[in-house]
Amino acid sequence: MQIEKEDLDWAVDQDLIDANVADSLWQALLVRKQHVPKFDFANVSYYFGALIVIFGMFFFLTLAWESLGGQGIFALSCIYILIFALTGRHLWFDRGLKVPGGLLTTIAVCMVPLAIYGFQRMTGIWPYGDPGGYRNYHMWVKASWFYMELGTVFSGMLALWWIRFPFLTMPIAYSLWYMSMDLTPLIFGKNEFAWNERCLVSFWFGIATVVIAFFIDRRIRRSQGDFAFWLYLSGLMAFWGGLTLMNSGGEWERFLYFLINLFLILLSVLLRRRVFVIFGGMGVIGYVGHLAYTVFSSSLLFPIALSFVGVFIIFAGIQYQKNYTTWELWLHRVLPESLLQILPKNI
């Protein structure tokens, strides 16, 4: 729940708190959250500009760069990294401009895979053969990208140790997601592999990423910045994608898939993370679609029964919203204390 100045003014009007107390509380909250990005013109322009640079250098690199050769790409990338990193450091530490300083540092991290690519192009060091131009990095799954992904993760962690800026987890998260797809040839030791083998690697890698995000979420309060969001997102992409694209087998396996997605929705409530309900919801809808078009394709009552289920879920949501505090207290009484202790602290 976010608190605005109007909320405190309302509390004063209702004689719930004193006006002086409300003013002191608001000033204290401003100091506490002075480094948390706000949705205003300045921060929107900061992030918009940074995303243009990141997409330009990370995704939309033109073929003209390939004409520079490995040495040229490596040298120019290192110059860019140095400029962005030093400018980001100056803004963060010397000027106190945390958001633009953190974004420039993030751009420097996003340049790392290009620098590693240039070094590999220069030296010919590829784990599984030449993967082609840098533009293929975001289109084709190949084990030879592994060093680029590993270097990005390492540099991102180094930058996080240097400055605590949550958006730095974005290039780390996406590199981990890419890595989950490119690791399959390295793990199985062959170039030819079954589709399920790739899905299996993605599945377990995604679980590992979500677990890491959970421990980060548990250790760092969200008032200090959301350092877990991008890891949750990339982990769920890898886990849910691998699970969904596996050859499902029979109806019992598909029903188990449905239960797993229901569990993701439950986790979204326990962890207070909407990203879980998005993936879980897509899985549930996919399973219901399978029932409608395969299992009950000739049933007249199935759409009607499904409509009743949907209305019941909406009604349950209304009741949950009305009795949220009571149900949360009941949940805290029912759940084991050991489980409550390991849940993330959300304030």
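The expected span of a helix is 1.5 Å times one less than its number of residues. I begin with that rule because it allows a first check on the structure before us, which is a predicted model. Helix α6, residues 112–123, has 12 residues and should therefore span 16 Å; its end C-alpha atoms lie 17 Å apart, which agrees.

Let me now give the overall picture. The chain has 347 residues, and 39% of them are buried. It contains 16 helices and zero strands. The accessible surface amounts to about 20,700 Å², and carbon and sulfur atoms account for 69% of that. If we take the contacts between residues at least 6 apart in sequence, 63% of them join residues at least 24 apart.

I return to helix α6. Its buried residues are V112, P113, L114, A115, I116, Y117, G118 and Q120. P113 belongs to this helix, and its relative accessibility is 0%, so it counts as buried. Directly after the helix comes G124, whose phi is positive, near 75°.

Which residue does P113 approach in space, at 9.3 Å between C-alpha atoms, although 62 residues separate the two in sequence? The partner is S175. S175 is one of the buried residues of helix α8, together with T169, M170, P171, I172, A173, L176, Y178, M179, S180 and D182. Because 11 of its 14 residues are buried, α8 is largely enclosed by the rest of the structure. This helix, residues 169–182, reaches 20 Å from its first C-alpha to its last, close to the 20 Å expected.

I turn next to the nonpolar interior. In soluble globular proteins, nonpolar side chains tend to be buried together. The largest nonpolar core here has 67 residues, and those with the most contacts inside it are Y117, Y232, L236, L264 and F276. Helix α11, residues 229–245, supplies the largest share of this core, with eight residues. There is also a second, separate core of five residues, among them F258, V284, Y287 and L291.

Y117 deserves a closer look, since we have already met this residue in helix α6. Leaving aside residues up to four places away in sequence, Y117 touches E66, I73, W126, G132, G133, Y134, W145 and M148. W145 is also touched by N136, whose other contact, under the same exclusion of residues up to four places away, is P131. N136 lies in the loop between α6 and α7, the latter being residues 146–162. Is N136 buried or exposed? With a relative accessible area of 19%, N136 is buried; the cut-off is under 20%.

The next topic is charge. Side chains of opposite charge can pair when their charged atoms come close. The structure holds four salt bridges, and I shall describe three of them, starting with R121 and D130. In that pair, the closest N and O atoms are 2.6 Å apart. R121 has a relative accessibility of 26% and so counts as partly exposed, and D130, with a relative accessible area of 46%, is partly exposed as well.

The salt bridge between R273 and D217 has an N to O distance of 3.1 Å. This pair links distant parts of the chain, 56 residues apart: R273 sits in the loop between α12 (251–271) and α13 (274–295), while D217 is in helix α10, residues 195–219. Both R273 and D217 are buried.

The salt bridge between E251 and R254 shows 3.5 Å from N to O. Why are these two residues separated by about one helical turn? They are three residues apart in helix α12. An α-helix has 3.6 residues a turn, so residues three or four places apart point the same way. E251, at 36% relative accessibility, counts as partly exposed, and R254 counts as partly exposed at 24%.

Finally, I come to the surface. L68, L76, I79, Y80 and I83 form a nonpolar patch there, with about 420 Å² of accessible area together. L76 is found in helix α4, residues 69–94. At 31% relative accessibility, L76 counts as partly exposed.

To close, I would return to Y117: it is buried in helix α6 and is among the residues with the most contacts inside the largest nonpolar core. Thank you for your attention.

Methods: Residues are numbered from 1 along each chain as its sequence is written. This is a predicted model: local features need pLDDT of at least 70, side-chain atom pairs count only at pLDDT 80 or more; totals for chains, interfaces and linings use all residues. Side-chain values use heavy atoms; hydrogens and water are left out. Helices (H or I, at least four residues) and strands (E, at least two) are DSSP runs, numbered from the N terminus. Buried means under 20% relative accessible area, exposed over 50%, partly exposed in between (1.4 Å probe, protein chains only). Patches are made of residues with over 30% relative accessible area and no salt bridge: like charges are joined within 9 Å, nonpolar side chains (Val, Leu, Ile, Met, Phe, Trp, Tyr) within 5 Å. Accessible areas come from the Shrake-Rupley method with a 1.4 Å probe; for residues, only the protein chains shown count as cover. A salt bridge is a side-chain nitrogen of Lys or Arg within 4 Å of a carboxyl oxygen of Asp or Glu. A nonpolar core is a set of buried Ala, Val, Leu, Ile, Met, Phe, Trp, Tyr and Cys residues joined through side-chain atoms within 4.5 Å. Contact means heavy atoms within 4.5 Å.
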